[in-house]
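Got your viewer open and a coffee within reach? Load the model below and click along with this tour.

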Amino acid sequence: MTSRQFPSSAVLEETAKIVTKGRATHIPHIVRVRFILLGGKFYAIAGTERSDWVRNSLRQKRVKFRLQEYVWNVRVRRTNSAVRADILEAFTKKYGARVVRDWYVNSPVCLCFTPTGPPKKRAAVRGENEVATTLSEWQALNADYYRGVSTAFDSAAEEYDFTISNNYINTWIREKSIRELLHLARPQDVLVEIGCGTGAEAIIIARKVAKVVATDISSQMISLLTTKIRAKKLERKIIPLLASAAEVSTVSRILDGQKPRIVYSFNGALNCEPRLANFVDGLHSVLADDGYFVCTIRNSLCLSEAVSHAAVFQFDRMAPRKLQPIMVSVGGLDIPSVYYSPSAFSSFFSGKFKLERLVGLPSMLPPAYLSDYAVRFKRISGLLEKFETALSDHFPLNRLGDQTLYVFRKT
């Protein structure tokens with residue numbers, strides 16, 4: 001395989017993703033590395049031979065090498081010192097002498113990744129608002145909304161943890177949401193999660209309560225969570241269940257009629273549930289009397305989004321959520337999602353639940369897809385975080401966040 005057979009736009013990328021699996025856990029492990037292409041083979045230099053991606057690669061021998069939307073299955077081997085010297089020279093030409101001197105000149109490990117065939121092309125993982133499909137185009141191809149959504153989240157499963165954990169705002173929202181939930185939870189509680197994804201929240205929360213029933217519409221998300229449960233020996237603490245939000249009543253079979261005191265749903269899973277009224281009815285039937293429903297929902301008006309775009313003179317992008325449903329990117333595939341104002345979302349719960357708390361997440365920090373702004377301007381972000389802690393649950397900021405955290409109580 002020659003260099004001419006590699007997509008030039010991909011080869012010019014600064015970094016590539018190497019996808020391995022944990023040696024003991026079998027959980028996907030993804031890293032970004034600098035690389036060069038030489039003689040139809042990829043090469044990467046590691047800082048230490050004890051890095052997990054290095055040990056995983058050498059143990060498994062065959063891994064995935066990803067550039068943009070191109071994925072190669074590759075064989076892995078360690079190079080000798082002579083080849084390593086050639087690779088260092090190639091790295092210097094691509095990245096500059098300073099980068100090589102600071103990061104690689106004393107590195108003992110150089111790995112060669114040999115493609116076993118042409119790359120497979122799959123949708124590139126993009127930012128949430130970086131979509132390439134209109135609503136009408138999506139509807140023409142997807143007669144079944146649930147199937148289209150589950151396919152998108154299936155495609156996102158392998159890289160989902162990597163994507164979330166490398167986004168500062170998403171991580172901040174997750175920590176804040178879990179903290180709010182645990183204020184209400186008791187050690188003896190059995191909780192139900194709607195839209196668990198790969199189970200990152202469920203694993204943290206399950207260690208604080210008796211049990212979590214974790215539901216999701218994506219079979220690949222549930223499969224990955226099941227792998228994590230075995231690896232972390234949490235079989236008695238987490239029960240995975242393939243179900244849409246509107247099918248919440250099915251958890252009654254899992255719990256033998258026991259009613260959970262808390263049901264929760266984070267990261268906007270309910271923005272992708274077209275039968276919200278059915279969900280609320282099912283939620284009311286399974287939740288214990290005086291029980292709580294805690295959720296985060298993407299908001300139809302985000303103050304920090306408008307301010308962020310205005311600050312860089314992108315006035316045409318200040319209100320991208322004005323028209324609903326909105327197309328969003330999940331795992332590289334686009335799906336329609338409905339964002340709600342606090343009053344519109346709360347109306348679905350009227351008569352059956354009482355709204356006890358609203359929190360903007362975040363209200364002043366930029367939304368997750370603009371997380372780079374928060375990282376770039378750390379001093380300003382640090383100051384805004386202090387204001388978030390003090391004011392994000394107060395009117396009007398509690399109604400103007402990227403997401404809104406709701407605490408409902410069953411009446």
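What follows is a walk through a helix pair, a pocket, a cavity and a few unusual backbone spots.

Before the first stop, keep in mind that this is a predicted model.

**Stop 1: two helices**

Select residues 145-165, which is helix H6, and then residues 219-231, helix H9. Their axes come within 7 Å of each other and cross at roughly 35°. Now show side chains. On the H6 side, pick Phe153, Asp154, Ala156, Ala157, Tyr160 and Asp161. The residues they meet in H9 are Ser219, Gln220, Met221, Leu224 and Lys228. Color this contact by residue class and you should get six nonpolar, two polar and three charged residues.

**Stop 2: the second largest pocket**

Keep H6 and H9 on screen, since both supply at least two residues of the lining of the second largest pocket. To find the middle of that pocket, select Lys64, Arg122, Ser155, Glu158 and Gln220, which lie nearest its centre. You've already clicked Gln220: it is one of the H9 residues in the contact with H6.

The pocket has a volume of about 450 Å³, and its lining runs to 19 residues. Which element gives the largest share of that lining? That's H6, with five residues. Add strand E1 (15-21), strand E5 (62-67) and strand E6 (70-78) to your selection, as each of these also supplies at least two lining residues. By class, the lining divides into five nonpolar, six polar and eight charged residues.

**Stop 3: a detour to Gln68**

While E5 and E6 are selected, look at the loop between them, where you'll find Gln68. Its phi is near 50°, a positive value in a residue other than glycine. Is Gln68 buried, partly exposed or exposed? With a relative accessible area of 28%, Gln68 is partly exposed.

**Stop 4: the largest cavity**

Rolling a probe the size of a water molecule over the atoms shows where empty space is left. How many cavities of 30 Å³ or more does a search of the whole structure find? Two. The largest cavity has a volume of about 90 Å³.

To see its walls, select Tyr160, Ile164, Asn170, Ile173, Arg174, Ser177, Glu201, Phe266, Asn267 and Gln403. H6 and helix H7 (168-182) are the elements that give two or more residues to this lining. H7 gives the most, with four. Tyr160 is another familiar face, as it belongs to the H6 side of the contact with H9. The cavity lining divides into four nonpolar, four polar and two charged residues.

**Stop 5: the loop between H12 and E14**

Jump to helix H12 (303-311) and strand E14 (326-330), then select the loop between them. Phe313 is found in this loop. Phe313 has a positive phi of about 60° although it is not a glycine. At 65% relative accessibility, Phe313 counts as exposed, because the cut-off for that label is over 50%.

Stay in the loop and go to Pro325, which also has its place here. The peptide bond from Gln324 to Pro325 is cis, with omega near 0°.

**Stop 6: one more cis bond**

Finish at Pro362, in the loop between strand E16 (353-361) and helix H14 (371-376). What is the peptide bond from Leu361 to Pro362, cis or trans? It is cis, with omega near -25°.

Technical notes
Residues numbered from 1 in each chain as written. Predicted model: local features only at pLDDT ≥ 70, side-chain atom pairs only at ≥ 80, totals over all residues. Heavy atoms only, no water. Axes fitted to C-alpha atoms, helices over the stretch in contact; angles between N-to-C directions. Contact = heavy atoms within 4.5 Å. Nonpolar A, V, L, I, M, F, W, Y, C, P; charged D, E, K, R; others polar. 1 Å grid on protein atoms, 1.4 Å probe; cavity = no way out; pocket = protein on both sides within 12 Å on 5 of 7 lines; lining within 4 Å. Points joined across faces, edges and corners; volume = space filled by probe spheres on them. Buried < 20%, exposed > 50% of the residue type's maximum accessible area, 1.4 Å probe, protein only.
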